[in-house]
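I opened this model to look up its salt bridges, its pockets and the surroundings of a few chosen residues. My entries follow in the order in which I looked.

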Amino acid sequence: MKTLDMTQGKPFSLILRFAIPLLIGTLFQQVYNLVDTMIVGYGLDENAVGAIGATSALYSVIVYFATGMNNGFGVILARLFGGKQYDQMKKAFASMILLDAAISLTLTVIALPLLRPLLTLLDTPADIFDQAYQYIFVIIAGMITTIAYNMGAGFLRAVGNSRTPLYFLILSCGINLSLDCLFVLVLSWGVAGAAMATVIAQAVSAFCCIAFIVRHYGEFLPEKSDWKPEWALVCEMLNTGLSMGLMSSVVSLGSIVLQRGINQLGTTLVTAHTASRRIYEMLMMPLSTIGSAAATFVSQNYGAGERDRIRVGIRQVAAVQLLWSLFSVLVAFTLGRQLIHLLIGTTDTAIIENAALNLRVCTLFFFPLGLLLMLRNAMQPMGHKIAPVVSSSIELLVKVIFSLSLVPRMGYLGVVITEPIIWVLCFVYLLVIYIVSDKKEAKKGGLCYDGTGEIGCRA
């Protein structure tokens, strides 16, 4: 059994040790998107790429809510693991399974009948509407596979094992690539085939992850008595899960509003935006994964009452994010056009130039984005459930205002500058909250967590 106690040892080395497999795993998750885009772009046409891109924000708002909830459940598991509350951990895991099953069923049943109206509301261009619907229908119908994998991976990461989910993702990525080629290039199933390949691959990684937990972490598996809800614990899990789920979904809801503005600009700019996002999301991965690793580190140390270690870890993560941000800017400005052409195989100058513009501007603001992602992840385990949601609401509000006012006036340039402005505003807000709360905790003399939601101070 592999576990990692992050309450002992050098903070950054522990975070890095945990983050590297997480980064590679996230890389393979992004490869899913890149493989879909490349095979669709080369095997079908640019409209098919635009169809996938036109659904990305809609898919995100549904799935990110579910996975955000799961991350919140994982925060509770990590707290209990760090505080050596193993009996409570079994109960929490049982609640996690039941809640995930309910979320999967509810979201799938609600979302599927609403897909066509939502795509219409988003002003999806008529020439890609049917392909967009085919793609998103298959993805949402198979959403349970995504949630099941994230549940298993969330448990393993809570106990410090970030390597095993990586191995299963590598396996599923190979399956995804093979099925993409079969379904799209050989069987000519179009964008629906690309979606089916993704769902099947995710199902494999979910099955492997859950089977591994059953075999190797038997001492943490719920027993018969653990399935009876302990309502104080369930409420704490829902409180944290809803906070993180809303944080993620509100951000994605803002992306839906912005996507509507992009769709109104035409298929060419939808395709350009899709291509640039695929690339800068790849470059953004180290920022998001080290932020996620910091969340596990903070959760375990919060459970153990180690406030000083939390502060040191956050400062060290920020330094690494600065270095990666500088590297991303260098890549965007020297290789941006070439990467866009390589990704979708287009020679359309308008697509390449607009995609390169978005890529360059966004990477220039990667450092505040990285700090924002870290604070959103790290503040949740420390009991700040409202501030991250408020920052996400700020993001939603600004996207609505800019989509209605700036984008119609400035065109695609308005889209390009929207997210960087939001990143800076939200980061400044969370930084102020963090600094103020940290000073208050320092005056109290410390903190601790007893596994039941009560916070006290260490002697």
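Entry 1, salt bridge within a helix. I began with Glu-395 and Lys-399, whose side chains meet in a salt bridge at 3.2 Å, N to O; I count a salt bridge where a side-chain nitrogen of Lys or Arg lies within 4 Å of a carboxyl oxygen of Asp or Glu. Because these two residues are four apart in helix α14 (residues 386–410), about one helical turn separates them. Helices here are DSSP runs of H or I with at least four residues, strands are runs of E with at least two, and both are numbered from the N terminus. I noted that Glu-395 and Lys-399 are both buried, where buried means under 20% relative accessible area, exposed over 50% and partly exposed in between, with a 1.4 Å probe and protein chains only.

Before going on I wrote down the conditions: this is a predicted model, in which local features need pLDDT of at least 70 and side-chain atom pairs count only at pLDDT 80 or more, while totals for chains, interfaces and linings use all residues. Residues are numbered from 1 along each chain as its sequence is written, and side-chain values use heavy atoms, with hydrogens and water left out.

Entry 2, the network. Which residue forms a salt bridge with Lys-399 at 3.4 Å between the closest N and O atoms? I found Glu-419 there. This pair links distant parts of the chain, with Glu-419 in helix α15 (residues 412–444) and Lys-399 in helix α14, 20 residues apart. Glu-419 and Lys-399 are both buried. Following shared partners, I traced one network of salt bridges that joins Arg-277, Arg-376, Glu-395, Lys-399 and Glu-419.

Entry 3, another pair. By the same rule I count eight salt bridges, and one of them joins Glu-353 to Arg-337, with the closest N and O atoms 2.8 Å apart. Glu-353 sits in helix α12 (residues 349–364) and Arg-337 in helix α11 (residues 307–344), 16 residues apart, and the pair thus links distant parts of the chain. I looked up the accessibility of each partner: Glu-353 is partly exposed, with a relative accessible area of 34%, and Arg-337 is partly exposed at 35%.

Entry 4, pockets. I searched on a 1 Å grid over the protein atoms alone, where a cavity is a set of points that a 1.4 Å probe fits but cannot leave, and a pocket is an open set with protein on both sides within 12 Å along at least five of seven lines; lining residues have an atom within 4 Å of a point. Grid points are joined across faces, edges and corners, and a volume is the space filled by probe spheres set on the points.

The largest pocket has a volume of about 270 Å³. Its lining has 14 residues, of which Leu-58, Val-61, Leu-118, Leu-253 and Ile-256 lie nearest the centre. Two or more lining residues come from each of α2 (46–82), α3 (86–111), α4 (115–121) and α9 (231–263), and α9 gives the most, with four residues. By class I read 13 nonpolar, no polar and one charged residues in this lining, taking Ala, Val, Leu, Ile, Met, Phe, Trp, Tyr, Cys and Pro as nonpolar, Asp, Glu, Lys and Arg as charged, and the others, Gly among them, as polar.

For the second largest pocket I noted a volume of about 170 Å³. Its lining residues include Leu-16, Pro-286, Gln-321 and Trp-324, and at least two residues each are supplied by α1 (11–43), α10 (267–304) and α11. The class count for this second lining is nine nonpolar, two polar and no charged residues.

Entry 5, two single residues. Ser-104 lies in helix α3 and counts as buried at 5% relative accessibility. A polar atom of the Ser-104 side chain lies 2.9 Å from the backbone oxygen of Asp-100. Leaving aside neighbours within four places in sequence, I found Ser-104 in contact (heavy atoms within 4.5 Å) with Met-143, Ile-144 and Ile-147.

Tyr-133, in helix α5 (residues 129–141), is buried with a relative accessible area of 17%. Not counting residues up to four places away in sequence, Tyr-133 touches Leu-115, Arg-116 and Leu-119.

Entry 6, overall figures. I closed with the protein as a whole, which has 15 helices and two strands, and in which buried residues make up 59% of the 459 residues.

Conventions:
Polar contact = N/O pair within 3.5 Å; in protein donor to acceptor, adjacent residues only side chain to side chain.
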